[in-house]
Amino acid sequence: IIIISACNYYLMEEFELEDIPGVGRITAKKLRAAGIRSPRFLTMLNPEELMEIADIDNPIKAARIIREAKRLYGIEMKPISAREFKEEYLKWDTISFNVKALDELTRGGISVKELVEFAGEFGSGKTQICHQLAVTAQLPPSKGGVAGSVVYIDTERTFSPGRIEKIAERFGLDNALNNIYLFRPTTVTDLEECVFKLYNLIEEKNVRLVIVDSIIALYRAQLKGMEWLARRQQRLNYVIDFLKRYAERFNLAVVYTNQVLQQLNLPHITMKLPAGGNIIAHAATHRFLLKYAKDDTRIITVFDSPRLPRNASVQFRITEQGLMDVE
Ligand code: GTP
Ligand code: MG
């Protein structure tokens, strides 16, 4: 019942393709055939992309459709004062980890409209963090969540429904699995397709968090070697760029995991750094590095962030019920 009423509420303020001035029945049909059901999706495309997706051969027409769609939602490029921005930005919803140390480190959790990367070696807790957030995002704001559903893109085959249930039980959340939409792409092409096609789901199901675990594995496995490097980076960039657009337009948070590479090997220092080169380095708003501490304890460090202190770190535990504070 809750889901249905949420959808109705949402549909009330939604526009039809035909509401876009200049889009008649024929163009609307073409757009729908390409999977574009909502004018809102158009607002995040460039004319070149629209031409390609919807088989429109006139760049002027493609540009006009996008411009008019943006006008419907009042989206326009105009400056706001830094003060206005600050006020707006303080209102952005956050998804709490429900772990005191992690919430303190991140100043309240994961913010919508931002991309967050968790990098670390195997077993460092990346996937566990994803599971925890997939649950806490569903909690009501009074409990630190955003009462949204979650898209979970599992490229590593490590998503665990059992784990979700355990974590959900701890937070008194029923039906947590129903509000997680799982994709299991096996190729880079699958991943691209699922990311580009997310918009309908995001709109219909009130998705507030998109998780990709991991962002890099398929690219590293399938576009190997120096001869593919440029192509690999280009395709990776495109997927990440699309995630960024969703984050901005749909007011949702994006979380992805990354592997680490042994990069620095000096006589007394071995440092593992996040993989993915320049593209990944500049993509996320906040980047965190995870490391083993002792037993079930892990250390998380701010690797890069515009507002969190670099190198700040805290510890947390991985338990049967998900992430916990260290006593
Ligand atoms: P890779 O994906 O292999 O790179 O690692 P990761 O960083 O995603 O590691 P993950 O988040 O899967 O963390 C794995 C660690 O979580 C393991 O070392 C386990 O100690 C712990 N863990 C995983 N599942 C459970 C569980 O059901 N109960 C408990 N207590 N710990 C678990
Ligand atoms: Mg993992």
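The following exchange tests terms used for ligand 1 and the largest pocket of a predicted model.

Student: Which conventions apply?
Tutor: Residues are numbered from 1 along each chain as its sequence is written, and chains are lettered from A and ligands numbered from 1 in the order written. As the model is predicted, local features need pLDDT of at least 70, side-chain atom pairs count only at pLDDT 80 or more, and totals for chains, interfaces and linings use all residues, while side-chain values use heavy atoms, without hydrogens and water.

Student: What makes the pair between G123 and ligand 1 a polar contact?
Tutor: A polar contact is a pair of N or O atoms within 3.5 Å; within protein, one must be able to donate a hydrogen and the other to accept it, and residues adjacent in sequence count only if both atoms are side-chain atoms. A backbone N or O atom of G123 lies 2.7 Å from an oxygen atom of ligand 1, so the pair qualifies.

Student: Why does the E156 pair count as well?
Tutor: A polar side-chain atom of E156 lies 3.5 Å from an oxygen atom of ligand 1, so the pair is within the limit.

Student: How do the residues of the shell around ligand 1 divide?
Tutor: There are 2 nonpolar, 6 polar and 6 charged residues; Ala, Val, Leu, Ile, Met, Phe, Trp, Tyr, Cys and Pro count as nonpolar, Asp, Glu, Lys and Arg as charged, and the others, Gly among them, as polar.

Student: How do the residues of the lining of the largest pocket divide?
Tutor: That lining divides into 7 nonpolar, 2 polar and 9 charged residues.
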